[in-house]
Amino acid sequence: MISVELASPKKRQNNRKRVEKWLIKNHRYINITAIEKEISAPKGLVQKFVKYDKKINDKWIEPLYGVIKTFTSFTVR
């Protein structure tokens with residue numbers, strides 16, 4: 001049996017805050033469409049959040065967090 005670890009509600013809330021804060025701060029410098037394509041999100045998901053303050057669905061927060069985390073880490077692979 002495979003054990004799947006689910007993120008705790010508090011961790012999910014912290015990730016949401018981090019993602020939202022980062023997107024608001026850096027939306028001018030990123031290619032929003034490329035990030036949406038990377039996680040197979042609906043077109044305009046991030047744009048609607050940034051421009052119209054529309055809430056991002058919970059299921060997209062973790063994939064966005066993962067992309068932003070890899071995007072912002074400057075480690076050599």
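A residue counts as buried when its relative accessible area is under 20%. By that yardstick, buried residues make up 30% of the 77 residues in this protein. The model shown here is a predicted one, and the legends below go through it view by view.

**View 1. The whole chain is a run of four helices.**
The protein has 4 helices and 0 strands, so reading along the sequence gives the pattern α-α-α-α. Take the contacts between residues at least 6 apart in sequence: 58% of them join residues at least 24 apart. The next views pick out a few spots along this chain.

**View 2. R16 and E20 pair up within helix α1.**
Here we look at one of the 2 salt bridges in the structure. Side chains of opposite charge can pair when their charged atoms come close. In this case the side chains of R16 and E20 meet, with 3.0 Å from N to O. Both residues belong to helix α1, which covers residues 9-26. They sit 4 residues apart, or about one turn of the helix. Are these two buried or exposed? Both R16 and E20 are buried.

**View 3. R16 also reaches over to D58.**
The partner in this view is D58, which forms a salt bridge with R16. The closest N and O atoms of the pair are 2.4 Å apart. D58 lies in helix α4 (residues 58-72) and R16 in helix α1, so this salt bridge ties together parts that are 42 residues apart in sequence. The two ends have quite separate surroundings: R16 has a relative accessible area of 7%, so it counts as buried because that is under 20%. D58, at 52% relative accessibility, counts as exposed because that is over 50%. Put views 2 and 3 together and you get a network of salt bridges linking R16, E20 and D58.

**View 4. Helices α1 and α4 pack against each other.**
Two packed helices are described by the angle between their axes and the distance between the axes. For α1 and α4, the angle is about 60 degrees and the axes are 9 Å apart. That makes α1 oblique to α4. The crossing of these two helices is left-handed. On the α1 side, the contact is made by R12, N15, R16, R18, V19, W22 and L23. On the α4 side, the residues are D58, I61, E62, L64, Y65, I68, F71 and T72. Which classes of residue does the contact of α1 with α4 have? It has 8 nonpolar, 2 polar and 5 charged residues. R16 and D58 from view 3 are both among the residues listed for this contact.

**View 5. S40 has a positive phi in a loop.**
Most residues other than glycine have a negative phi. S40 goes the other way, with a phi near 55 degrees. Where is S40 placed? You'll find S40 in the loop between α2 (32-38) and α3 (45-52). At 59% relative accessibility, S40 counts as exposed.

**View 6. D53 has a positive phi too.**
This view moves along to D53, whose phi is near 60 degrees, a positive value in a residue other than glycine. D53 is in the loop between α3 and α4. Its relative accessible area is 62%, so D53 is exposed.

How values were computed: Residues are numbered from 1 along each chain as its sequence is written. This is a predicted model: local features need pLDDT of at least 70, side-chain atom pairs count only at pLDDT 80 or more; totals for chains, interfaces and linings use all residues. Side-chain values use heavy atoms; hydrogens and water are left out. A salt bridge is a side-chain nitrogen of Lys or Arg within 4 Å of a carboxyl oxygen of Asp or Glu. Buried means under 20% relative accessible area, exposed over 50%, partly exposed in between (1.4 Å probe, protein chains only). Axes are lines fitted to C-alpha atoms, for helices over the stretch in contact, and angles run from 0 to 180 degrees between N-to-C directions. Angles under 35 degrees count as roughly parallel, over 145 as roughly antiparallel, 65 to 115 as roughly perpendicular and the rest as oblique. A crossing is left-handed if the near helix is turned anticlockwise from the far one by less than a right angle, and right-handed if clockwise. Contact means heavy atoms within 4.5 Å. Ala, Val, Leu, Ile, Met, Phe, Trp, Tyr, Cys and Pro count as nonpolar, Asp, Glu, Lys and Arg as charged, and the others, Gly among them, as polar.
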